[in-house]
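Reader: I should like to go through the terms applied to this model and the values that justify them. May we take them in turn?

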Amino acid sequence: MPVTEILGLMFAAAAAGAINAVAGGGTLITFPTLLFFKTPPVIANATSTLALVLGTAGSVYGYRQHFAAVKHWLWRFVPVSVIGGLIGSALLTHTSDTVFAKLVPFLILFATVLFLAQGAFRRMAGFGAAEDHPGRFALLGAILFQFLVAIYGGYFGAGIGILMLASLGVIGLKNIHEMNALKTVLGSLINVVAAAWFICAGLIHWPKAGVMTIGALLGYYLGSHFSQRIPQHQVRRLITAIGFFLSAVTFYEQFLR
């Protein structure tokens, strides 16, 4: 690879890792960058998934002090995340890029609005107010929603972090750093399953994946580390801003360009 391509992929992966550590949507940086360097769309999607999931280790380490507080949620969400990720990755090998590309802006916009208005949604739905004791219907709804997010994540994955943060907020989680820790684990499981499927299907461009993994590791760690030094209300504003920005960019790319 030319030096310009190596640097471009590494920088894109670092930026994507930092964004994923805070909110999600990093795929919308790595995927177009791979396309810019003449990578076929399906190969680009698979390579981006693998690079970012390997880089997740940096984010997991950055949020390590919050795992004790959220481990009781894992058994509820891990099974559907793994199954959904497997279904989504299998679907990718049987459909075209244009189908899910048209859905991306709507999904990200929906997730951002839900994240912004999660308190109002919880009050309107009558969900449990206590963080550790959500209502039964709220919890079942969140598990079903996570299953759908996992399918989408295995299929394409852009914005799944914002979708998960919105869902976790609706069922009553309030500490944004703990929510990010849980989101990081669940997102990494979805992408691990998808990446394994893509490897078996021979869809990975290994040199590009290796270069991007280095950048992603750095970006994930710095994003998770420094976001915890920012007050929670500012992190929430940052997540909302990222969500609206990514939605606007993808609407432009898909419908106005």
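Author: A residue is called buried when its relative accessible area is under 20%. The model discussed here is predicted.

Reader: Why is G58 called buried?

Author: The relative accessible area of G58 is 9%. The cut-off for burial is under 20%, and G58 is therefore buried. This glycine is placed in helix α3.

Reader: What makes L217, Y220, Y221 and S224 contacts of G58?

Author: Contact requires heavy atoms within 4.5 Å. Once neighbours within four places in sequence are set aside, L217, Y220, Y221 and S224 meet that requirement for G58. For Y221 there is also a backbone value: its C-alpha lies 4.3 Å from that of G58, although 163 residues separate the two in sequence.

Reader: How do you know that E5 and K208 form a salt bridge?

Author: The term calls for a side-chain nitrogen of Lys or Arg within 4 Å of a carboxyl oxygen of Asp or Glu. Between E5 and K208 the closest N and O atoms are 3.3 Å apart, so the pair satisfies the cut-off. E5 belongs to helix α1 (residues 3–22) and K208 to helix α10 (residues 206–227), so the pair ties together parts that are 203 residues apart in sequence. A search of the whole structure finds 1 salt bridge.

Reader: Is K208 buried or exposed, and what is its relative accessible area?

Author: K208 has a relative accessible area of 6%. With burial set at under 20%, K208 is therefore buried. Its partner E5 is buried as well.

Reader: Which residues surround K208, and which backbone oxygen does its side chain reach?

Author: Apart from neighbours within four places in sequence, K208 is in contact with M1, E5, L9, L34, F37, T39 and T47. Its side chain reaches the backbone oxygen of F37 at 3.4 Å. A polar contact needs N or O atoms within 3.5 Å.

Reader: Why is helix α8 described as largely enclosed by the rest of the structure?

Author: The helix spans residues 160–170, and 11 of its 11 residues are buried, so the description follows. Among them are I160, M164, S167 and V170. Just after α8, G172 takes a positive phi of about 115 degrees.

Reader: What makes the space lined by N20, I160, G187, N191 and Y220, among others, a cavity?

Author: A cavity is a set of points where a 1.4 Å probe fits but cannot get out. The structure holds 1 cavity of 30 Å³ or more, and the largest cavity contains about 250 Å³ of space. It is lined by 23 residues, with N20, I160, G187, N191 and Y220 nearest its centre. Helices α3 (41–62), α8 and α9 (176–200) are the elements that each give two or more residues to this lining. By class, the lining has 6 nonpolar, 16 polar and 1 charged residues.

Reader: What lines the largest pocket, and how are its lining residues divided by class?

Author: A pocket, unlike a cavity, is an open set of points. The largest pocket holds about 520 Å³ of space. Its lining comprises 22 residues, of which L28, F31, P32, T250 and E253 are nearest the centre. Two or more lining residues come from each of α2 (27–36), α5 (97–116) and α11 (232–256); α11 provides the largest share, 7 residues. The classes are 16 nonpolar, 3 polar and 3 charged.

Notes:
Residues are numbered from 1 along each chain as its sequence is written. This is a predicted model: local features need pLDDT of at least 70, side-chain atom pairs count only at pLDDT 80 or more; totals for chains, interfaces and linings use all residues. Side-chain values use heavy atoms; hydrogens and water are left out. Buried means under 20% relative accessible area, exposed over 50%, partly exposed in between (1.4 Å probe, protein chains only). Helices (H or I, at least four residues) and strands (E, at least two) are DSSP runs, numbered from the N terminus. On a 1 Å grid over the protein atoms alone, a cavity is a set of points where a 1.4 Å probe fits but cannot get out, and a pocket is an open set with protein on both sides within 12 Å along at least five of seven lines; lining residues have an atom within 4 Å of a point. Grid points are joined across faces, edges and corners, and a volume is the space filled by probe spheres set on the points. Ala, Val, Leu, Ile, Met, Phe, Trp, Tyr, Cys and Pro count as nonpolar, Asp, Glu, Lys and Arg as charged, and the others, Gly among them, as polar. A polar contact is a pair of N or O atoms within 3.5 Å; within protein, one must be able to donate a hydrogen and the other to accept it, and residues adjacent in sequence count only if both atoms are side-chain atoms.
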